[in-house]
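Here's a set of short exercises to work through with the model open in your viewer. Try each task before you read its solution.

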Amino acid sequence: MNDLSRNSLLDFFAETSFLNTGSAPYIEFLAEKYERDPASLPQQWRAALGDIVTRPPPSFPQESTVSTAETGIRAIKDAVGALALVQAFRMRGHFDASLDPLGLRSEPPPVELDHRAHGFSDADLDRTMFVDGVLGHEKTTLRKLQAALRERYCGTIGYEYMHIADHEQRQWLQQKIEGDAPIGRLSDDERMDVLEKLVEVKGYERYLDKKFVGTTRFGLDGAEATIPALEAIIQLASHHGVTDVVLGMAHRGRLNVLSQVLRKPHRAIFHEFKGGSFLPDDVEGSGDVKYHLGASADREFDGRKVHLSLLANPSHLEIVDPVVLGKVRAKQDHRADHAEQSSILPLLIHGDAAFAGQGVVAECFAFSGLEGYRTSGSVHFIVNNQIGFTTDPGYSRSSPYPSDLAKMVDAPIFHVNGDDPEAVVAVSRLALEYRQAFGKPVVIDMVCFRFYGHNEGDEPAFTQPLMYKAIRSHASTLEIYADRLRAEGVVTAEALDGMKARWQAHLDTEFEASQNFRPDKADWLGGRWQGLRSSRGAPGEGKTAVEPEILSLVGAALTRVPDGFTVHPTVRRFLDARGKTITDGSSIDWSTAEALALGTLVNEGTSVRMTGQDTERGTFSQRHAVLNDQVTGKRCLPITSIAGNGASFDIFNSLLSEEAVVAFEYGYTLAEPHALVVWEAQFGDFANGAQVVFDQFLSSGERKWLRMSGLVCLLPHGFDGQGPEHSSARLERYLQSSAENNWQVANCTTPANYFHILRRQVRRDFRKPLILMTPKSLLRHRRCRSAFDELSTGTSFQPVLRDDADVAGRTLELLPDAKIRRVIACSGKVYFDLLDEREKLERRDVYLIRIEQLYPFPVDEFTRELARFPGAELIWCQEEPRNMGAWTYIEPLVREAQLAIRSEAAPPRYAGRDSSSSPAVGLPAQHQEQLARFLAEAFA
């Protein structure tokens, strides 16, 4: 074997290309069988093996004691076994890597990493074998091969990439890992930079611990290498053309990220520790704890500017991830930046237990490659403390690593020992390069520890005595690395002491400055938000009416189909009917009003983004915003034909997710206030799958973090006998969270009001989320219609609708105001049930008031309307159960209106379904019985 030439070996193995690791045992069996009796094999195998066994490769050595056939077979076995060993290290080497700084989990190495598992003995270690270019060698000894593989795959870095299906990506990573020099070697200058960063990180944590004893800060003690890693990613990203990095993380290490990465002044953080606010004196807000706050900053690396933004987040771990991704996508859409090497980078920092346990992480990976949600890849950095609060990994996940779920999208995973900061920096750079090269997610799993308990005041030894015994005797990453550099002559003890002293002096100066520190500005209305204002003061409606000729122009485009495009017959009838109502200018239904609202916005230059499950067609076949050619399968979006001033119309069917998708759309609105962004639930109650997003972001984000959002949430709502899961959007939950002008909650009954409220979202000079109960049965209801003149000049959204407004098919004329005996106030679909019942009973003395906007409650409009009937009995009627719907919210408000007009009537009376634990009954007959009963109560 030592005399084999490279070309001879290549020719030999070209003839044996059917040989591979997986088939090695079978091929050996066939070769031995061929030696005993060639006729026992099929002709195909006789031909294949005969030439190998009977004819040695050119220049193969001829030994007198070994037959030619035996030499050839041994070469095959050696090569196959050696390559099997290589594959074993590539696939399983990470299980024998030195990853745990504490050394607590010492599992036996996989047997596949031992040469004996591949048919070798110790006597074979120094025999030269063909390895097909592995680690740059065509041939090498087994001993050298095994040592080189162990160095690359079993050091302080463990690689998982062989699960990736794409050959190009695997080969790219393999070449990086098995290149000329092992990953993880830095220059002396780079090592000094890492050391100085560790001095700052550790010094800052110790300073906070000394100045604010026992105060919760969720520090980075034990995970200090996080900061050099983030710095390395961002710096290298700038060299790859990245101009914006959007970060998301939970609370652990956040103060160090804010100060060391985003360069938030230390004096500002010290000010907050002393009880000061992060808000300027002239800005109102409830605020949040300091380790939830966000920040933004511009950094410069080698003359290249990078804008950094760290999003504020709640304690609900990982929910910030899709918010970050949504914000990144908005920035990319604004720049039309969807190239593989995106200039906007999402950088997410996770905890190990949360990454494995929170399903929203998996949802984010699930939409990472979808057209409506992809962001050209995301970099994920797991701070693997090997514990979740008090729970060991064996109780918090069912997989070897917290990162395993990332394999669902073929993301490469780099495990690294947090006590080797050079390795941490190196794999962080590799991760960034991979993202830029392939536009796909990548994960870094930094195995470290948590020096304190869950927070600095927690006692971890209650539940992890052995772990914390090891931690208390374990040197810090700074100490370990400083000792290493001193031993290698890179730094002197004096130089290290100087670094520490300078950093201490800087922190002392900042601490003194915090005494008089006052925040001087809030950045919430900068950048894309310039020109908008906070919502304090007069609400302002903006111009929502559209000239008749524009409505006609847009309406015609909405029903126009390209020549040669084959539309489904039912959709053709739908378009024809829509076209007729637009031409007539009357009987505009719900979906047509929506299409006109979106179309006119796009025509005026305002982009629209709409997502949700089955949103393109509409859950109830009411939208058909995307047409599909029945012959070719091609798609057509009629609205795009009328786009003006560079506006876009994007509508996407989402994956079957609520939590991640709603959070993504919320994040989108944080970066793009000038587009109408709409999320539609398949049914309104499905929104409860995203409850944390509504509770933590949409309802309170502006007060906590000064972050406005204009997200529209369409929640199909209405009791139509479809059972408990398809009736209620849980209106009461949104009303319960309504306060401080935080958002809008509406339940419209006319297409015109729907048209105006959608347009109002982007025609006002401020932004508020809109929670909109949308109908199901009203989509095609004969009386739920509007005319063109309700959408055009001089019209606007009406928060309260009078009973003498035009209603399609109305036949009953009411008595004069003075003779009205009863006023029934309501909201939503139940109005049409009341209207039909009144006409059936011919009750001309009953007046119906529709409250279209429930929050902010239209006090003035409702009071003025009620004042017309000071002596009339007042009833609130709803179709939801008494303990749900709007009753408990509305009752004190309408009572205040009664007091304001000095009404002599009794307090408002309730008419509706009885209290219930379930939103609705399951049988249509029961539904009809309940409806008849409460309508009778309303008119009794």
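Before we start, a bit of vocabulary: axes are lines fitted to C-alpha atoms, for helices over the stretch in contact, and angles run from 0 to 180 degrees between N-to-C directions. Keep in mind, too, that this is a predicted model.

**Exercise 1: the whole chain**

Task: Work out what share of the residues in the protein chain is buried, and how many helices and strands the chain has.

Solution. Start with the inventory: the protein chain has 30 helices and 24 strands. Next, get the extent along the principal axes, where the C-alpha atoms fill a box of roughly 120 × 80 × 50 Å. Then count burial: of the 940 residues, 58% are buried. On the outside, the chain exposes about 37,300 Å², with carbon and sulfur atoms supplying 49% of that area. For contacts with a separation of 6 or more, residues 24 or more positions apart account for 79%. Finish with charge: there are 105 positive and 128 negative side chains, and the centres of the two sets lie 4 Å apart.

**Exercise 2: a sheet and its helices**

Task: Find the order of the strands in the open sheet that includes β19 and β24, then say which strands helix α29 lies across.

Solution. Step one is the order: five strands line up as β19-β21-β20-β23-β24, with mixed pairing. Step two, look at the edges: β19 (800-801) and β24 (909-913) each have a single partner strand, so one side of each is left without a neighbour in the sheet. Step three, check how β24 is held: strand β23 (residues 873-881) pairs with β24 in the parallel sense over four bridges, and P881 stands opposite R913 in β24. Step four, add the helices. Helix α28 (residues 859-866) packs on the sheet and touches β19, β20 (822-826), β21 (846-851) and β23, its direction making about 175° with that of β21. Helix α29 (residues 887-900) lies across β21, β23 and β24, and runs at about 170° to β23.

One more stop here: the peptide bond from Y855 to P856 is cis, with omega near -10°. P856 sits in the loop between β22 (853-855) and α28.

**Exercise 3: a covered strand**

Task: Which residues of β15 point one way, and which the other way?

Solution. First recall the general pattern: in a regular strand the side chains alternate between the two faces of the sheet. Now apply that to β15 (residues 676-680): L676, V678 and E680 point one way, while V677 and W679 point the other way. Check the cover next: five of the five residues of β15 are buried. Then look at the strands that pair with β15. Strand β11 (residues 608-612) runs parallel to β15 and is joined to it by five bridges, with V608 standing opposite L676. Strand β16 (residues 712-716) also pairs with β15 in the parallel sense, over three bridges, and V712 in β16 is the bridge partner of V678.

**Exercise 4: positive phi values**

Task: For L135 and L706, decide whether each is buried or exposed.

Solution. Take L135 to begin with. Its phi is near 55°, a positive value in a residue other than glycine, and its place is in the loop between β1 (128-130) and β2 (139-141). Buried means under 20% relative accessible area, and L135 comes in at 14%, so it is buried. Now L706: phi is positive, about 60°, although the residue is not a glycine. L706 lies in the loop between α24 (701-705) and β16. At 4% relative accessibility, L706 therefore counts as buried.

For a further positive phi, go to R263, just after α9, where the value is about 60°. Helix α9 (residues 254-261) is mostly covered, with eight of its eight residues buried.

**Exercise 5: surroundings of one serine**

Task: Where is S309 placed, and which residues is S309 in contact with beyond its neighbours within four places in sequence?

Solution. Locate S309 in strand β6 (residues 304-310). Test its cover: the relative accessible area is 5%, so S309 is buried. Then list the contacts, leaving aside neighbours within four places in sequence: V245, V246, L247, L262, A295, S296 and K327.

Methods:
Residues are numbered from 1 along each chain as its sequence is written. This is a predicted model: local features need pLDDT of at least 70, side-chain atom pairs count only at pLDDT 80 or more; totals for chains, interfaces and linings use all residues. Side-chain values use heavy atoms; hydrogens and water are left out. Helices (H or I, at least four residues) and strands (E, at least two) are DSSP runs, numbered from the N terminus. Buried means under 20% relative accessible area, exposed over 50%, partly exposed in between (1.4 Å probe, protein chains only). Contact means heavy atoms within 4.5 Å. Accessible areas come from the Shrake-Rupley method with a 1.4 Å probe; for residues, only the protein chains shown count as cover. Lys and Arg count as positive and Asp and Glu as negative; His and the chain ends are not counted. The place of a charge is taken as NZ of Lys, CZ of Arg, CG of Asp or CD of Glu. Two strands pair if DSSP finds at least two bridges between them.
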